[in-house]
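Hi,

Here is the structure I promised to pass on. Have a look at it first, and then read my notes below.

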Amino acid sequence: MVAFSDQARKGLLSARRYGDQALTRSDFTTPEEVNEVYRRRARFYDWSVNAYYLIGFRWWAYRRRAIAALGLQPGATIVEVGCGTGLNFRLVQESIGLSGRLIGVDLCTDMLKQARQRVAAKGWSNVELVQARAPDYDFPSSVDAVFSTFALSLEPRFDEVIAKAAMALVAGGRFVLLDLRMPDNWLRNLAPVLVWLVRPFAVSLEVAKRQPWKSLQRHFQQYNYQEGYLGIVYIAVGQQTRTRDVR
């Protein structure tokens, strides 16, 4: 069972502080509602996610595992859907090097502002940031990898995103999805509590019902899926095996 210490509760309550008005008035079923939450918390996002370490959720370890699953090589072109403040950029850069190309896509301009500051501070000249809703983004003609961490389930049109990415990926290219889900085990009975814990990041019961990993399985010939943290987090990998028709 997941036990919450007094320190953990205080940390999570503190993480909820920013964007409370938006949190209390919606079920986050539209991009506008989600954007409002992240607009309010953009400056504090990197700090606030660390609060979940207090309940044993090692989000950084899962991010490392997801990016490792991409199988990146130096010089690769990669798109991150829902890049936020660019927390994953350093891990990607370690694999693709300066000869690679990293494209970060996000709807929230305030989150992208933080990402731009991170890119400037690190001197990364191979990063392109795009402000767009994920289903409306046009992928480059040839992409080596696509990934999304704790973001795609917030997009109601996630199936469109995965379908477009599958068309853009080269043969052997991978789409890696790291996200939260409603567990199938006994913890499902605690759904209201689980959702409350992640509501600061625009998660509701409606959002929790979404199953983008099934779209990944449908659009890719090769597929792998694994769960962690008592079935609450998962990493799904789809690999493109067919050569695209570029006529």
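About 11600 Å² of the protein is exposed, and carbon and sulfur atoms supply 50% of that area. Keep in mind that this is a predicted model. Of its 247 residues, 55% count as buried. The fold has eleven helices and seven strands. If you take the contacts between residues at least 6 apart in sequence, 73% of them join residues at least 24 apart.

A word on confidence before the details. The mean pLDDT is 87, and 86% of the residues reach 70 or more. Residues 1-19 are the stretch to watch: the pLDDT there is below 50, although the model gives this stretch 32 contacts beyond near neighbours in sequence. Where pLDDT is low, the predicted coordinates should not be read in detail.

Now to a helix, α11, which covers residues 212-219. Which of its residues are buried? They are Pro212, Trp213, Ser215 and Leu216. Looking down the axis of α11, you'll find the buried residues within an arc of 155 degrees, so they line one face of the helix. What do they pack against? Their partners are two strands that follow, β6 (222-228) and β7 (233-239), along with α8 (158-168) and β5 (169-180).

Two serines are worth a click as well. Ser148 sits in strand β4, which runs over residues 143-149. It counts as buried, because its relative accessibility is 1% and the cut-off is under 20%. Setting aside residues up to four places away in sequence, Ser148 touches Val81, Val176, Leu177 and Leu178. Try the distance from Ser148 to Arg63 too: the two are 85 residues apart in sequence, yet C-alpha to C-alpha they are 9.7 Å apart in space.

The other one, Ser153, is in the loop between β4 and α8. Despite its place in a loop, Ser153 is buried, with a relative accessible area of 7%. Its contacts, again without neighbours within four places in sequence, are Asp179, Val207, Arg210 and Pro212. Pro212 is one of the buried residues of α11 mentioned above.

On to the charged residues. How many salt bridges does a search of the whole structure find? It finds 14, and here are a few of them.

Glu36 pairs with Arg39, with the closest N and O atoms 3.1 Å apart. Both belong to helix α3 (residues 31-41), and being three residues apart, they are separated by about one helical turn. As a reminder, an α-helix has 3.6 residues a turn, so residues three or four places apart point the same way. Glu36 is buried at 16% relative accessibility, whereas Arg39 is partly exposed at 38%.

Asp136 and Arg157 form another salt bridge, at 3.4 Å from N to O. Asp136 lies in the loop between β3 (127-131) and β4, and Arg157 in the loop between β4 and α8, so the pair ties together parts that are 21 residues apart in sequence. Asp136 is partly exposed, with 47% relative accessibility, and Arg157 is partly exposed too, at 26%.

The side chains of Asp138 and Lys164 also meet in a salt bridge, 3.5 Å from N to O. Here Asp138 is in the loop between β3 and β4 while Lys164 is in helix α8, so this pair ties together parts 26 residues apart in sequence. Asp138 counts as exposed at 61% relative accessibility, and Lys164 as partly exposed at 28%.

There is also a network: Arg181, Asp184, Arg188 and Glu227 are linked by salt bridges.

Last, the surface. Which residues make the nonpolar patch of about 250 Å²? Trp186, Leu190 and Val193 do. Leu190 is placed in the loop between β5 and α9 (191-198), and it is partly exposed, with a relative accessible area of 31%.

If you want somewhere to start, pick α11 and look at its buried residues, Pro212, Trp213, Ser215 and Leu216.

Cheers

How values were computed:
Residues are numbered from 1 along each chain as its sequence is written. This is a predicted model: local features need pLDDT of at least 70, side-chain atom pairs count only at pLDDT 80 or more; totals for chains, interfaces and linings use all residues. Side-chain values use heavy atoms; hydrogens and water are left out. Buried means under 20% relative accessible area, exposed over 50%, partly exposed in between (1.4 Å probe, protein chains only). Helices (H or I, at least four residues) and strands (E, at least two) are DSSP runs, numbered from the N terminus. The arc is that of the directions from the helix axis to the C-beta atoms. Contact means heavy atoms within 4.5 Å. Patches are made of residues with over 30% relative accessible area and no salt bridge: like charges are joined within 9 Å, nonpolar side chains (Val, Leu, Ile, Met, Phe, Trp, Tyr) within 5 Å. Accessible areas come from the Shrake-Rupley method with a 1.4 Å probe; for residues, only the protein chains shown count as cover. A salt bridge is a side-chain nitrogen of Lys or Arg within 4 Å of a carboxyl oxygen of Asp or Glu. pLDDT is the predictor's confidence in each residue, from 0 to 100.
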